[in-house]
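Colleague: Before we discuss this model, could you put the sequence and the coordinates up, so that we can go through the helices and the sheet together?

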Amino acid sequence: MEEKIYGYWLPIDISTHGQVVDWIINWLHVFMVLLFVGWGIFFVYCLLKFRQGANPKATYDPVKGKVSKYVEIGVVIVEAILLVGLSVPLWAQFKNDFPDPAKAQEVRVVSEQFAWNIHYAGNDGIFGRTAPQFVTSDNLLGLDPDDAAGKDDFNAINTLHMVVNKPIIVHLSSKDVIHSFKVPVLRLTQDVIPGQEIKIWFEATKTGTFDIACAQLCGLGHYRMRGQLIVESEEAFKTWFDEQAAEVETGEDDFF
Ligand SMILES: [Cu+2]
């Protein structure tokens with residue numbers, strides 16, 4: 001039986017970095033509940049204690065108790081621990097410790113209204129040069145027809161195939177407006193900014209087909225900007241990859 005991806009709480013986590021993200025999300029919810037209940041009790045306490053019947057005359061003396069001060073210091077300490085102890089190290093790891101490209105897979109993801117172009121480098125492993133002036137409806141990536149490195153490249157529209165338990169480096173860019181590359185099961189959200197190339201990496205630990213969504217309202221078709229992340233074994237990936245590469249060879253999936 002297939003495991004349910006989405007339930008009442010967080011979707012399943014299939015990434016190597018997801019556990020820390022989930023800790024942060026879960027602990028923030030615990031603290032929010034504590035704050036909500038705490039403030040609720042305090043509110044009711046104030047309604048009763050300072051009701052007009054018991055206090056016909058207002059007091060202008062400042063508060064003498066120290067409890068509120070200690071509670072606020074406690075909240076600041078907890079928030080600092082969450083930020084400095086969990087969020088910042090995770091962010092730093094995600095941004096600084098990139099996997100060795102020799103041991104990782106590499107793709108370019110070029111977003112546009114309203115699709116994800118997934119650019120594979122083909123058999124040579126080198127991405128062909130791209131430029132806006134080459135973009136046509138047959139060449140959505142804008143590959144330069146004069147660049148030999150791009151001859152074997154292919155575009156897997158809305159389908160990102162990757163190998164399980166192997167890191168992948170994704171170069172994100174946009175052809176038009178700001179989009180946001182979101183894969184809930186990977187605990188991954190990264191804005192895609194026109195004019196910039198943003199590098200991210202992740203590693204999936206489970207095989208299966210999962211959703212890629214656009215998490216930035218990017219126009220009328222935003223709702224259908226949905227892709228598939230296909231995490232598969234090395235062999236299955238190779239079979240798929242060779243098929244795509246062969247189609248480029250035979251001109252079935254040729255851009256020019
Ligand atoms: Cu979008």
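**Helix packing and sheet order**

Modeller: This is a predicted model, and a helix pair is a convenient place to begin: helix H1 (residues 18–49) and helix H2 (residues 67–96) pack with their axes 10 Å apart, at an angle of about 165°.

Colleague: Are H1 and H2 roughly parallel or roughly antiparallel to each other?

Modeller: The angle between H1 and H2 is about 165°, and angles over 145 degrees count as roughly antiparallel. H1 also passes H2 in a left-handed crossing. The orientation of H1 and H2 is therefore roughly antiparallel.

Colleague: How many residues of the contact of H1 with H2 are charged?

Modeller: On the H1 side the contact includes Trp 23, Trp 27 and Phe 31, and these meet a set in H2 that includes Val 78, Leu 82 and Ser 87. The residues of this contact divide into 13 nonpolar and one polar, and the number of charged ones is none.

Colleague: Which strands are the edge strands of the open sheet?

Modeller: Five strands form the open sheet with mixed pairing, in the order S4-S10-S9-S6-S7. Strands that pair on one side only lie at its edges, and these are strand S4 (159–163) and strand S7 (188–192).

Colleague: Which residue in S10 stands opposite Thr 209?

Modeller: Strand S9 (residues 208–214) and strand S10 (residues 226–232) run antiparallel and are joined by six bridges. Thr 209 lies within the residue range of S9, and the residue opposite Thr 209 in S10 is Ile 230.

Methods. Residues are numbered from 1 along each chain as its sequence is written. This is a predicted model: local features need pLDDT of at least 70, side-chain atom pairs count only at pLDDT 80 or more; totals for chains, interfaces and linings use all residues. Side-chain values use heavy atoms; hydrogens and water are left out. Two strands pair if DSSP finds at least two bridges between them. Helices (H or I, at least four residues) and strands (E, at least two) are DSSP runs, numbered from the N terminus. Axes are lines fitted to C-alpha atoms, for helices over the stretch in contact, and angles run from 0 to 180 degrees between N-to-C directions. Angles under 35 degrees count as roughly parallel, over 145 as roughly antiparallel, 65 to 115 as roughly perpendicular and the rest as oblique. A crossing is left-handed if the near helix is turned anticlockwise from the far one by less than a right angle, and right-handed if clockwise. Contact means heavy atoms within 4.5 Å. Ala, Val, Leu, Ile, Met, Phe, Trp, Tyr, Cys and Pro count as nonpolar, Asp, Glu, Lys and Arg as charged, and the others, Gly among them, as polar.
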